[in-house]
Amino acid sequence: MINAPKDIVPLDEILPEEPLLMMGAGPVPIPASVAQANSIVVNHLGDTMAQVIEQVKDMSHYVFQTNSKHILGVAGPGSAAMEMAIVNLVTPGDTVLSICNGFFSNRLAEMAERNEANVIRYQTPTNQFAPAHEVEALLNKHVPKVLTIVQGETSNTVFNRDLPRITRLASERGCLVIVDAVCTLSTTRLDMEEWGIDAVITGGQKGLSSIPGVSLIAFSERGWQTIRNRKDTLRHWCFDAQLADQFWYKKSYHYTAPVSGILAIHEALRLICNETLPGRINRHEKNSHALQSAIEGMGLELLVAPESRLQSVVGICVPEGVEANAVLAHMSQRFKVEISGSFGLPIVRIGQMGEQSRAHHLFRVVHALGSSMKLHGAKIDLPGGMAALEQALEDFSPQAEIAEFPRRAAAR
Ligand SMILES: Cc1ncc(COP(=O)(O)O)c(C=O)c1O
C-alpha cells in the first residue's frame, strides 16, 4: 500500500497572505462576481445549464460580433481551442499558410504540422506586423486551404494591424481563416462576420477576465460546412466540433462540461455586455496608452514600434546590465505586484487585459516597476514616469471609430 504523504501544506499556508496583483501576460485578476460564479456546481444537463448555455451563446454573438450558430466551449486552455480549430478545419494533406509573428502563431503552425498539413510559415520581420500585401502574394502563390494568424502576439507584444485586410483577402480566395484572439477579444476591435473570419479562438484567462481552463471558439457557417463535409473521422474525440455541438446546441451529452467554469465565463461575458464593447475597448486603449507613456516617461524603452504595438500586453526592454528576474522577484516580494518575463527576449511584459486595465492598478504597477528597476541598476526617472501616467490619463480622448463600433450589434 502507498501511504498518504505526510508533508502536505494546506493552501492557506502556501498562498501569499496578501494576494499578488497579477499584472502579467495572464492569467489576469477576475471580478468577484466571476469568482462567485466559479464556485457553483450545477447539473451539466439540466434546465439551469441549458439556459446558461443559451445566454453564453447570445452574449458571444455580441462579443465575437457574429451571428454564428456554431459557438462552442471547450474544457481546456486557449491552446485547446487552437487545437480544436486546427483539427476540425485542417484535413491531413491540406496546404496551410501560417502567419508567424512569434511564439503563439508558431504554435498554430506546429499544430497544423502535427495534423499532417503542408504548412507554409511566413515569418514576419522581427517585432513587426504582417503587411497585407506580403500575405496577398503568398495567398496567390500557394493557394492555401487555411490561413492561421494571431491578432495579438502576446509573446513579443506585436499587433497584426492588417488583420481585417488579410482576412478579407483570404476569404475572397475561398481560404478559411483561423484567428487567435486569446489576448485581444473584448480588449481590441474584432468583427468576426464583417472581416470574414471562419474560426475565432479565445481563452478565458486573458481578455475576457475569467478563469483559465474554459475557452470559447466560434465557427463561421462556411467553416461549419467544411466540418460537416469531411469524409474522414477526426482523430481527436474531445475536440470534435460535431460532438461538441451535441452539448452546445442539442442539450445532449458530449463530456461532462466544466459547469463552474462556464458559469464564470457567463458572468464575464455579462460584464462585457454591460460595459459595452466600445466602452471596454476605449478603457483598454486609454489605460494601455497611459502605461506606455509612463514607461517612456521614466526613461525605459518599449520593444515594439507604435505601428506594430499591441495594446493588450506591453513589452518593455530591460536595460543592459539589469537582471530581469531579479526585478520581477523584487516587484513580487516588495510590492506584491507580478508581471511577466518573456520567451527568450530581453523584455518584461505588463498585461492590459480585462481587470488589469484599471487606472488604480497602473499607478501601483508603474511605481513597482520603476522602483525595482532603479534598485537593480537601471537609470530611472520615477517621478517623471508617474507624472506622464497622470497626464496621459487626463489627456485621453476616445477614438471616434471605436465609438461607432459595433454597428451590427446596434442594428440588431
Ligand atoms: C495569443 C495567445 N494565444 C494562445 C495562448 C495559449 O493559451 P493557453 O496558455 O491558455 O493555452 C496564449 C497564452 O498566453 C496567447 O497569449
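**Exercise 1.** In this predicted model, how do the residues lining the largest cavity divide into nonpolar, polar and charged?

Solution. The lining of the largest cavity divides into 10 nonpolar, two polar and no charged residues.
Step 1: list the lining, which consists of Gly73, Val74, Ala75, Val214, Ala244, Phe247, Trp248, His254, Tyr255, Ala257, Pro258 and Ile262.
Step 2: assign these residues to elements; β2 (71-75) and α9 (241-250) are the ones that give two or more residues to this lining.
Step 3: add the volume, about 80 Å³ for the largest cavity.

**Exercise 2.** Which element gives the largest share of the lining of the second largest cavity?

Solution. Step 1: the structure holds two cavities of 30 Å³ or more, and the second largest has about 30 Å³ of space.
Step 2: its lining is made by Pro31, Leu208, Ser209, Ala268, Leu271, Ile272, Arg280 and Glu355.
Step 3: α10 supplies three residues, the largest share.
Step 4: by class, this lining has five nonpolar, one polar and two charged residues.

**Exercise 3.** At what angle do helix α3 and helix α10 pack, and how far apart are their axes?

Solution. Step 1: α3 (residues 47-64) and α10 (residues 259-275) pack at about 40 degrees, with axes 9 Å apart.
Step 2: this angle makes α3 oblique to α10, since angles under 35 degrees would count as roughly parallel.
Step 3: the crossing of α3 past α10 is left-handed.
Step 4: residues of α3 in the contact include Met49, Val52 and Ile53, while those of α10 include Val259, Ile262 and Leu263.
Step 5: the contact has 14 nonpolar, three polar and one charged residues.

Terms used: Residues numbered from 1 in each chain as written. Predicted model: local features only at pLDDT ≥ 70, side-chain atom pairs only at ≥ 80, totals over all residues. Heavy atoms only, no water. Axes fitted to C-alpha atoms, helices over the stretch in contact; angles between N-to-C directions. Helix = DSSP H or I, 4+ residues; strand = E, 2+ residues; numbered from the N terminus. Parallel < 35°, antiparallel > 145°, perpendicular 65-115°, else oblique. Left-handed = near helix turned anticlockwise from the far one by under 90°. Contact = heavy atoms within 4.5 Å. Nonpolar A, V, L, I, M, F, W, Y, C, P; charged D, E, K, R; others polar. 1 Å grid on protein atoms, 1.4 Å probe; cavity = no way out; pocket = protein on both sides within 12 Å on 5 of 7 lines; lining within 4 Å. Points joined across faces, edges and corners; volume = space filled by probe spheres on them.
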